[in-house]
Amino acid sequence: MSKTKYIFVTGGVASSLGKGILSASLGKLLQARGYSVTIQKLDPYLNVDPGTLNPYEHGECYVTIDGAETDLDLGHYERFLNEETTQRNSVTTGRIYQNVIEKERRGDFLGKTVQIIPHITDEIKRNIRLLNAKGDYDFIITEIGGTVGDIESLPFIEAVRQMKWDMAGRCLYIHLTLVPFLAASGELKTKPTQHSVKQLLESGIQPDILVLRTEKPLNADIKRKVGLFCNVDSDSVIESRDVSTIYEVPIKMLEEQLDTIILKKFKIKHGGEPELKPW
Amino acid sequence: MHAGASHECRVSLTFIHSEDVTQENVRETLQNCSGILVAPGFGHRGIEGKLVTIQYAREQKIPFLGICLGMQCAVIEFAQNVLNFQHAHSTEMNRKTPYPVIDIMAEQKNIADTGSTMRLGGFVCEIKKRTLAHKIYQTESIIERHRHRYEFNNAYLQNFENAGMIASGRNPQTNLVEIVEIPQHPFFIGVQFHPEYKSTVVKPHPIFEAFIKAALVHQKL
């Protein structure tokens, strides 16, 4: 493939919807089609790395081969893709600010006023590009932690918005939301999703694909409705139903054709099915 | 979980909180387990429960895998109950222990910051031939990932080896003990590193595969 494509995964409505598993599953499907893939996590917290976070609150602290203490999502990436990650795959707001402040103290900014835009956002973009320093990946999936609308994640959202203009035709946005089921009325509600996409649009990002987490199956009407209100064609509205183990998610996403939708959007020819047999 | 699939078996996990295990209820709590894994951790909470659990696994010959603090507890338990070192402990839990069988690494002594200062990442470990570890890995040199501040105190190694707990894996540069095992036990192994970081769906880690296999054998007894 000619040039690296970037896929950004954001989340709305609630956290812990499984952006990490979604990213890892998507990576797995693209990898099974013979592409080289890596996944990066941008975490909006101010800890420089997750090594000091309470595991009861945050989950396992995962350690990479180069000795980086990282977010548990990197564990999902490695365990799904069977490929090693490094410090570069895990970036936190704390590290971004630390880098920028160190540069400021060194005088790298030559007397300029140091600001969130452009200095913090440029540092974020530099870290996204750094992962592909050797240019050997077909796809880089970048997951943005937290939920759209959080104060902490705004600089990340802004940075990935700019990426689309820096690399026209090579970026795609996936937004993961929740469609809750109200037992009392027996209804699936799409309003939280609509609001979450609206929030994303306010930050200047139009999602290309929506993935909806749900307990119950979504019918075509719901997909059409969500598509209409969120500016997304209904084929690109994907259902992600609760499953008993995380290892079923890649299979489910294959059934929903997440991988072919992405290849189509990038105008990449796709022949045949991904090789998922060992899975 | 990954390793269960390769043996075509469903691993049924029971999470037991170490704070809930006592000398009185250990048999009742653990009698249905075909294998016991004591997981990593920090600090003194639940240590007594871990030690009681390990003693039960060791004496009842139940397959045992200890990871990081789980391995260190296996060492402490062995010191207290087999070597009869009264009040043997790790200096992490008991600074004044007369037998510091687990001690802070020399390079860690003067570190005050807690962020990113542990022994982290991949290090080489050399494995002794004709040991359980060698049987599992089928090689003499491995790279595993670490995250710890305390280590086996080599001053006591001879006591342990004479009494039946051997160091089957060590770091070639620092001599740090990475793997301990009890050859007289059907499957008793403790590792200072974290094999779970290298276990993936299509390539389960050999230690977990071996542990599940041993548990299957135990189940049939």
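## A chat about chains A and B

Modeller: Buried residues, meaning those under 20% relative accessible area (exposed is over 50%, partly exposed in between, with a 1.4 Å probe and protein chains only), make up 55% of the 221 residues in chain B. This is a predicted model, in which local features need pLDDT of at least 70, side-chain atom pairs count only at pLDDT 80 or more, and totals for chains, interfaces and linings use all residues. Residues are numbered from 1 along each chain as its sequence is written, chains are lettered from A and ligands numbered from 1 in the order in which they are written, and side-chain values use heavy atoms, with hydrogens and water left out.

Colleague: And how many helices and strands does chain B have?

Modeller: Chain B has seven helices and 10 strands, where helices (H or I, at least four residues) and strands (E, at least two) are DSSP runs numbered from the N terminus. The radius of gyration of chain B, taken over C-alpha atoms, is 17 Å, close to the 17 Å that the globule rule (2.2 Å times the number of residues to the power 0.38) gives for 221 residues, so chain B is as compact as a globular protein of that length. Along the principal axes, the C-alpha trace of chain B spans about 50 × 40 × 35 Å.

Colleague: Now chain A: what is in there, in helices and strands?

Modeller: Chain A contains 10 helices and 11 strands. Its radius of gyration is 19 Å, close to the 19 Å given by the globule rule for 279 residues, so chain A is as compact as a globular protein of that length. The C-alpha atoms of chain A fill a box of roughly 60 × 40 × 40 Å along the principal axes, and 53% of the 279 residues count as buried.

Colleague: What about contacts in chain A between residues at least 6 apart in sequence?

Modeller: Taking a contact as heavy atoms within 4.5 Å, 73% of those contacts in chain A join residues at least 24 apart. For chain B, residues 24 or more positions apart account for 65% of the contacts with a separation of 6 or more.

Colleague: Switching topic, why is helix α3 of chain A called largely enclosed?

Modeller: Helix α3 (residues 72-81) of chain A is largely enclosed by the rest of the structure because nine of its 10 residues are buried. Among the buried residues in α3(A) are Asp73(A), His76(A), Tyr77(A) and Phe80(A). After α3(A) comes Asn82(A), whose phi is positive, near 60 degrees.

Colleague: And how many salt bridges are there over all chains?

Modeller: The count comes to 27 salt bridges over all chains, a salt bridge being a side-chain nitrogen of Lys or Arg within 4 Å of a carboxyl oxygen of Asp or Glu. Some are linked in a network, whose members are Lys41(A), Asp43(A), Asp71(A), Asp73(A) and Glu143(A).

Colleague: Which residue does Lys103(A) pair with?

Modeller: Lys103(A) forms a salt bridge with Glu123(A), and the closest N and O atoms are 2.8 Å apart. Lys103(A) lies in helix α4 (residues 93-106) of chain A and Glu123(A) in helix α5 (residues 116-130) of chain A, so the pair ties together parts that are 20 residues apart in sequence. Both Lys103(A) and Glu123(A) are buried.

Colleague: What does Asp166(A) meet in a salt bridge?

Modeller: The side chain of Asp166(A) meets that of Arg129(A), at 3.2 Å from N to O. Because Asp166(A) lies in helix α6 (residues 154-166) of chain A and Arg129(A) in helix α5 of chain A, the pair ties together parts that are 37 residues apart in sequence. Asp166(A) is partly exposed, with a relative accessible area of 40%, and Arg129(A) also counts as partly exposed, at 37%.

Colleague: Where do Lys223(A) and Glu256(A) sit?

Modeller: Lys223(A) and Glu256(A) form a salt bridge whose closest N and O atoms are 3.4 Å apart. The pair links distant parts of the chain, with Lys223(A) in helix α8 (residues 220-230) of chain A and Glu256(A) in the loop between α9 (249-255) and α10 (258-265) of chain A, 33 residues apart. Lys223(A) is buried, at 18% relative accessible area, while Glu256(A) is partly exposed, at 23%.

Colleague: Last one: is Gln194(A) buried or exposed?

Modeller: Gln194(A) is buried, with a relative accessible area of 13%, and lies in helix α7 (residues 191-202) of chain A. Leaving aside neighbours within four places in sequence, Gln194(A) is in contact with Lys225(A), Phe229(A) and Cys230(A).
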